[in-house]
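Please find below a colleague's note on the charged side chains of this structure, written as numbered points that can be read with the model open.

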Amino acid sequence: MLIRPETPHDCIAIHELLRHSFPSESEAKLVEYLRADGDLTQSLIGEIDGIIVGYVALSRVQAPFPAEALAPVATHADFRANGHAAALIGSAIQRSQSDIIFVLGEPQYYTRFGFSLSVAQHFASSYSGPYFMALAKNDVPTGCTIMHAPAFSKL
C-alpha cells in the first residue's frame, strides 16, 4: 500500500470511503469541514493499484503547545484486518510535527501506537472520558484545556 498526502483529485473518493466506512455521514462531513476551515494538518490516503483503500486525518487542536487530533481513520471493507489502518496511523504519527496527538477511540486498539488514557487525563476536553487518549511526543505542560477544531462541534 502506498501512503501519500491527499490531492484535490482525491476528495470525492475520500468522501465515499468515509461514507461507506461509518454508520452515518458524520466522518465524511467532518473531513469536509476540517478541509474547508483549513484545520487539516495531515490528510493521508492509502492506495493500492490506484484505488484509495484507507484514510487518516490529523487536525489542529487549540492548546498552549503544538497539538493535533487523530480522526477519522477508515479502511475499505475489502481491505480490513490487513494492517492498512495501522500503517496509516503509524505514518501520521511519524509525520506529525506536534508535541502531542489526541484520539478518541478504543483503548485496546490505540494503545499499541503509544496512546494513553493516563496521559490524556491531565487535560480538560469536551471529549474527556474512558476513550480519550493522548500520545505525547515531547514534554508538554499538563492541567490545561484543549479544544478540537470547530468542525468537530458542527456534527
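**Note on the salt bridges**

1. Lys154 is a useful place to begin, and with a relative accessible area of 44% this residue is partly exposed. Please keep in mind throughout that the model is predicted.

2. The side chain of Lys154 meets that of Asp37 in a salt bridge, with 3.3 Å from N to O. Because Asp37 belongs to helix 2 whereas Lys154 sits in the segment after strand 7 (147–148), the pair ties together parts that are 117 residues apart in sequence. Asp37, at 37% relative accessibility, also counts as partly exposed.

3. Another pair to examine is Arg35 and Glu6, which form a salt bridge whose closest N and O atoms are 2.9 Å apart. This pair links distant parts of the chain, since Arg35 is in helix 2 (residues 26–37) and Glu6 is in the loop between strand 1 (2–5) and helix 1 (11–21), 29 residues apart. Arg35 is partly exposed at a relative accessible area of 26%, whereas Glu6, at 19%, is buried; the cut-off for buried is under 20%.

4. Are the partners Arg4 and Asp10 buried or exposed? Arg4 counts as buried at 18% relative accessibility, and Asp10 is buried as well, with a relative accessible area of 7%. Their side chains meet in a salt bridge of 2.7 Å, taken from N to O.

5. Arg4 and Asp10 should also be viewed together with Glu47, as these three residues are linked in a network of salt bridges. For the structure as a whole, the number of salt bridges is five.

Methods. Residues numbered from 1 in each chain as written. Predicted model: local features only at pLDDT ≥ 70, side-chain atom pairs only at ≥ 80, totals over all residues. Heavy atoms only, no water. Salt bridge = Lys/Arg side-chain N within 4 Å of Asp/Glu carboxyl O. Buried < 20%, exposed > 50% of the residue type's maximum accessible area, 1.4 Å probe, protein only. Helix = DSSP H or I, 4+ residues; strand = E, 2+ residues; numbered from the N terminus.
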